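Thanks, everyone, for making time this morning. I would like to take you through one model, moving from side-chain contacts to pockets and then to the backbone.

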Amino acid sequence: ITNNPKRKSERLSRRKITLLKKAHEMASFCDVDVALVLRIRKTGQLITYNSVDLKSWPPSKEEIRFHYPLPINLLPRDIEAKHRKPTITTPSVVQGRGIVKSEVLGSGVVESSPI
């Protein structure tokens, strides 16, 4: 990643177009309604995409809060943890219990369970 302002601007432009295309594809091919809001921090510019042209879409924060089933609210750390490469661990033997599988969870906690 470079600090060149022109390259950063080009990268932002490409990623913005890609994200908008993906939102449109998701709405078209996956039978979902999509509302996307981008705010460019440097300029404060807002870019919105709505897959449905209705006054009731997108829902307000209040409507989302009281929606059922409950909404799934994700933060950047949730996405990063999901896409983090798994750590390779070797099986270990626990006194007389056999092989134990070890996993590194998103929070960095190691969980072991019998196989």
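Let me start with E25 and K22, whose side chains meet in a salt bridge at 4.0 Å, taken from N to O. Please keep in mind throughout that what you see is a predicted model. Both E25 and K22 belong to helix 1, which covers residues 5-30, and they sit three residues apart, which is about one turn of the helix. As for their surroundings, E25 is partly exposed, with a relative accessible area of 34%, and K22 is likewise partly exposed, at 49%.

How many salt bridges does a search of the whole structure find? The search returns two, and the other pairing joins the side chains of R65 and E62, with 3.7 Å from N to O. Here again the partners are three residues apart, about one turn of the helix, although this time the helix is helix 2, residues 61-65. With a relative accessible area of 55%, R65 counts as exposed, because the cut-off for that class is over 50%. E62, at 44%, is partly exposed.

From charged side chains I turn to nonpolar ones on the surface. I72, L74 and I79 form a nonpolar patch there, and together they have about 330 Å² of accessible area. Of these residues, I79 can be placed in helix 3, which runs over residues 76-83, and I79 is partly exposed, with a relative accessible area of 38%.

Now to the pockets, which I expect some of you will want to discuss. The largest pocket has a volume of about 860 Å³. It is lined by 18 residues, and those closest to its centre are L12, R15, R39, I40 and R41. Which element gives the most to the lining of the largest pocket? That is helix 1, the helix that also holds the E25 and K22 pair, and helix 1 supplies eight residues of the lining. Strand 1, residues 35-39, also contributes at least two residues. In terms of chemistry, the lining of the largest pocket divides into nine nonpolar, two polar and seven charged residues.

The second largest pocket holds about 580 Å³ of space. This pocket too has 18 lining residues, and nearest its centre we find W57, P59, I64, P71 and I72. The elements that give two or more residues to this lining are strand 1, strand 2, which spans 46-50, and helix 2. Its lining is made up of twelve nonpolar, four polar and two charged residues. I would also point out that I72, one of the residues nearest the centre of this pocket, is part of the nonpolar patch I described a moment ago.

Let me step back to the overall layout of the chain. There are three helices and five strands, and from the N terminus on their order is α-β-β-α-α-β-β-β. Across the 115 residues of the chain, buried residues make up 10%. One contact between parts of the chain separated in sequence involves A35 and Y49, which are 14 residues apart in sequence and 5.7 Å apart in space, from C-alpha to C-alpha. A35 lies in strand 1 and, at 38% relative accessibility, counts as partly exposed.

Finally, I would like to look at the backbone, where a few places deserve a careful look. Most residues other than glycine have a negative phi, and most peptide bonds are trans. Where, then, is a peptide bond cis, with omega near 0 degrees? One such bond runs from W57 to P58, and P58 lies in the loop between strand 2 and helix 2. Another cis bond, also with omega near 0 degrees, runs from Y68 to P69, and P69 is found in the loop between helix 2 and helix 3. As for phi, D31 has a value near 55 degrees, which is positive in a residue other than glycine. D31 is found in the loop between helix 1 and strand 1, and at 76% relative accessibility this residue counts as exposed.

To close, I would leave you with the two salt bridges, the largest pocket of about 860 Å³, and the cis bonds from W57 to P58 and from Y68 to P69 as places to start the discussion. Thank you.

Notes: Residues numbered from 1 in each chain as written. Predicted model: local features only at pLDDT ≥ 70, side-chain atom pairs only at ≥ 80, totals over all residues. Heavy atoms only, no water. Helix = DSSP H or I, 4+ residues; strand = E, 2+ residues; numbered from the N terminus. Buried < 20%, exposed > 50% of the residue type's maximum accessible area, 1.4 Å probe, protein only. Patch = residues over 30% accessible without salt bridge, like charges linked within 9 Å, V, L, I, M, F, W, Y side chains within 5 Å. Areas by Shrake-Rupley, 256 points an atom, 1.4 Å probe, with all protein chains shown as cover. 1 Å grid on protein atoms, 1.4 Å probe; cavity = no way out; pocket = protein on both sides within 12 Å on 5 of 7 lines; lining within 4 Å. Points joined across faces, edges and corners; volume = space filled by probe spheres on them. Nonpolar A, V, L, I, M, F, W, Y, C, P; charged D, E, K, R; others polar.
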